[in-house]
Amino acid sequence: MELLFWLSALLIVYIYIGYPILLRYLPKRPPVQSAGLNELPTVTLLIPAFNEAAVIGQTIQNKLSQDYPSDRLEIIVISDESEDATDDIVKEIAAQDSRVRLVRQVPRQGKTSGLNLAMPHANGEIVIFSDANSHYQSDAVRQLVNCFNDPEVGYVTGKMVYVNEEGNVIGDGCSAYMKYENHLRSLEANVSSVVGVDGGIDAIRKSLYQPMNADQLPDFVLPLKVITQGKRVIYCEKALLNEESLSSSQSEFRMRVRVSLRAYWAMWDMKHLFNPFKYGLFSLQITSHKLLRYLAFIPLFLALVSNGLITGEGWLYQLTFLAQIIFYSVAAFVSLNDGTKNRWLALVNYFCLINIAAAMAFIKFIKREKIVMWKPRVG
């Protein structure tokens with residue numbers, strides 16, 4: 001039992017601390033030459049939407065005001081059979097600005113099918129994917145596009161920053177989590193390719209786009225398809241997206257379950273990438289950053305249970321068990337009290353939330369459940 005405890009503890013340490021340290025010492029690839037291009041490529045911004053009347057107008061205006069030549073930028077909103085005023089708002093803007101178009105998907109088939117439907121309508125050499133509530137900083141499109149100056153780059157993800165004026169628990173937890181994820185992406189981009197991207201601000205060379213199955217998670221599967229085509233996926237920290245975090249633990253938990261479930265299926269569909277003999281270093285990355293991370297709830301559970309069974313073996317095990325009890329008690333306390341403004345307590349709560357969500361999603365994955373439709377983010 002002691003061996004099980006230490007193996008579980010070491011695996012947890014590797015997932016969250018050891019892997020980032022390992023990335024620091026792996027051989028680095030030459031930095032991407034992201035200087036401004038002499039002739040800017042044409043760009044299409046795709047915005048999937050379902051009942052987004054409350055935000056779609058502001059999101060389109062945010063994209064139209066980007067610091068990018070107006071004759072080289074177009075916007076396509078994909079309405080997944082929206083039932084509110086989303087379509088009318090888009091049509092009204094399109095009537096005033098020919099760069100905006102509406103593609104309506106009927107019947108409703110989900111985000112991934114919507115992207116497949118819209119891609120033939122895109123005229124841009126570079127296609128950028130935005131959420132219906134994503135607000136870019138004014139130079140975000142230009143920063144993303146500049147990265148394609150390197151012909152080895154096939155996919156670029158920007159930096160998402162969760163904005164929360166109220167400073168509630170999820171916002172603080174999300175923010176710390178995203179800082180960690182963004183740091184990891186920087187390290188990964190230096191040695192190979194980024195494994196995960198932010199769906200609200202990512203871009204692909206249109207020539208590399210391959211249609212996906214309706215149940216596949218675009219943010220996860222599409223970059224992996226680019227890697228299988230021999231191109232790199234990199235991280236551009238200068239391309240910024242401000243997005244409000246979800247304002248309740250319940251909403252965040254449900255979102256994390258959905259994302260985790262689709263991530264499990266994405267890894268299953270792209271399991272050939274785990275072959276180290278064919279994909280070398282990237283197979284180590286996807287194993288460490290995604291597979292082990294999503295399954296971290298297993299060593300966390302084993303470490304707690306095995307530690308509880310060996311507390312009679314000495315004061316060290318009593319101390320580690322007490323530390324775990326305090327850790328999870330803090331998370332429960334924060335959750336039951338609907339949040340805290342202490343960032344460290346919030347981070348503990350968020351750590352537990354995403355791991356419990358991953359466990360719930362894994363059970364659904366074992367039961368072969370899939371998610372095709374998506375709902376707008378709500379607080």
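The following legends describe close-up views of a predicted model.

**View 1. Helix H3 has a buried side and an exposed face.** Helix H3 spans residues 86–96, and its buried residues are Thr86, Asp87, Val90 and Ile93. These four lie on the same side of H3, because they cover an arc of only 130 degrees around the axis. The exposed residues Asp88, Glu92, Ala95 and Gln96 are carried by the face turned away from that buried side. Three strands and a helix receive the buried residues of H3: these pack against strand S1 (43–49), helix H2 (56–64), strand S2 (73–79) and strand S3 (100–104).

**View 2. Asn51 and Glu81 are residues other than glycine with a positive phi.** Asn51 is placed in the loop between S1 and H2. Its phi is near 55 degrees. With a relative accessible area of 24%, Asn51 is partly exposed. Glu81 belongs to the loop between S2 and H3. For Glu81, phi is likewise near 55 degrees, and a relative accessibility of 27% makes this residue partly exposed.

**View 3. A cis peptide bond joins Val106 and Pro107.** The omega angle of this bond is about 0 degrees. Pro107 sits in the loop between S3 and helix H4, the latter comprising residues 111–118.

**View 4. Ser134 is a buried loop residue.** The loop that holds Ser134 runs between strand S4 (126–129) and strand S5 (135–136). The relative accessible area of Ser134 is 0%, so the residue counts as buried. Residues up to four places away in sequence are not counted among its contacts. Beyond them, Ser134 touches Thr59, Asn62, Lys63, Gly200, Leu241 and Glu243.

**View 5. Cys147 is a buried cysteine that takes part in no disulfide.** A disulfide is a covalent bond between the sulfur atoms of two cysteines. The structure as a whole holds zero disulfides. For Cys147, the nearest cysteine sulfur is that of Cys236, at 3.7 Å. This distance lies outside the cut-off, because a disulfide requires a pair of cysteine sulfur atoms within 2.5 Å. Cys147 has a relative accessibility of 4% and therefore counts as buried. Another cysteine, Cys352, is also buried, with a relative accessible area of 10%.

**View 6. Helix H7 is largely enclosed by the rest of the structure.** The helix comprises residues 218–228. Nine of its eleven residues are buried, which is why H7 is described as largely enclosed. The buried residues are Pro218, Phe220, Val221, Leu222, Pro223, Leu224, Lys225, Val226 and Ile227. Gly230 follows H7 and has a positive phi, near 85 degrees.

**View 7. Tyr279 is a buried residue of helix H9.** Helix H9 extends over residues 276–294. The relative accessible area of Tyr279 is 16%, so this residue is classed as buried. Apart from neighbours within four places in sequence, Tyr279 is in contact with Thr228, His272 and Leu273. Phe365 lies 86 residues from Tyr279 along the chain, and the C-alpha atoms of the two are separated by 25 Å.

**View 8. A nonpolar patch on the surface includes residues of helix H10.** The patch is formed by Met1, Leu4, Phe301, Val305 and Leu309. Together these residues have about 490 Å² of accessible area. Helix H10 (residues 297–309) supplies the largest share of the patch, namely three residues. Met1 is found in the segment before helix H1, which covers residues 2–25.

**View 9. Ser306 is a buried residue of helix H10.** Ser306 has its place in H10, the helix that contributes three residues to the nonpolar patch. The relative accessible area of Ser306 is 1%, and the residue is therefore buried. Leaving aside neighbours within four places in sequence, the contacts of Ser306 are Met1, Leu4 and Phe5. Met1 and Leu4 are also members of the surface patch shown in the preceding view.

Notes
Residues are numbered from 1 along each chain as its sequence is written. This is a predicted model: local features need pLDDT of at least 70, side-chain atom pairs count only at pLDDT 80 or more; totals for chains, interfaces and linings use all residues. Side-chain values use heavy atoms; hydrogens and water are left out. Buried means under 20% relative accessible area, exposed over 50%, partly exposed in between (1.4 Å probe, protein chains only). Helices (H or I, at least four residues) and strands (E, at least two) are DSSP runs, numbered from the N terminus. The arc is that of the directions from the helix axis to the C-beta atoms. Contact means heavy atoms within 4.5 Å. Patches are made of residues with over 30% relative accessible area and no salt bridge: like charges are joined within 9 Å, nonpolar side chains (Val, Leu, Ile, Met, Phe, Trp, Tyr) within 5 Å. Accessible areas come from the Shrake-Rupley method with a 1.4 Å probe; for residues, only the protein chains shown count as cover. A salt bridge is a side-chain nitrogen of Lys or Arg within 4 Å of a carboxyl oxygen of Asp or Glu.
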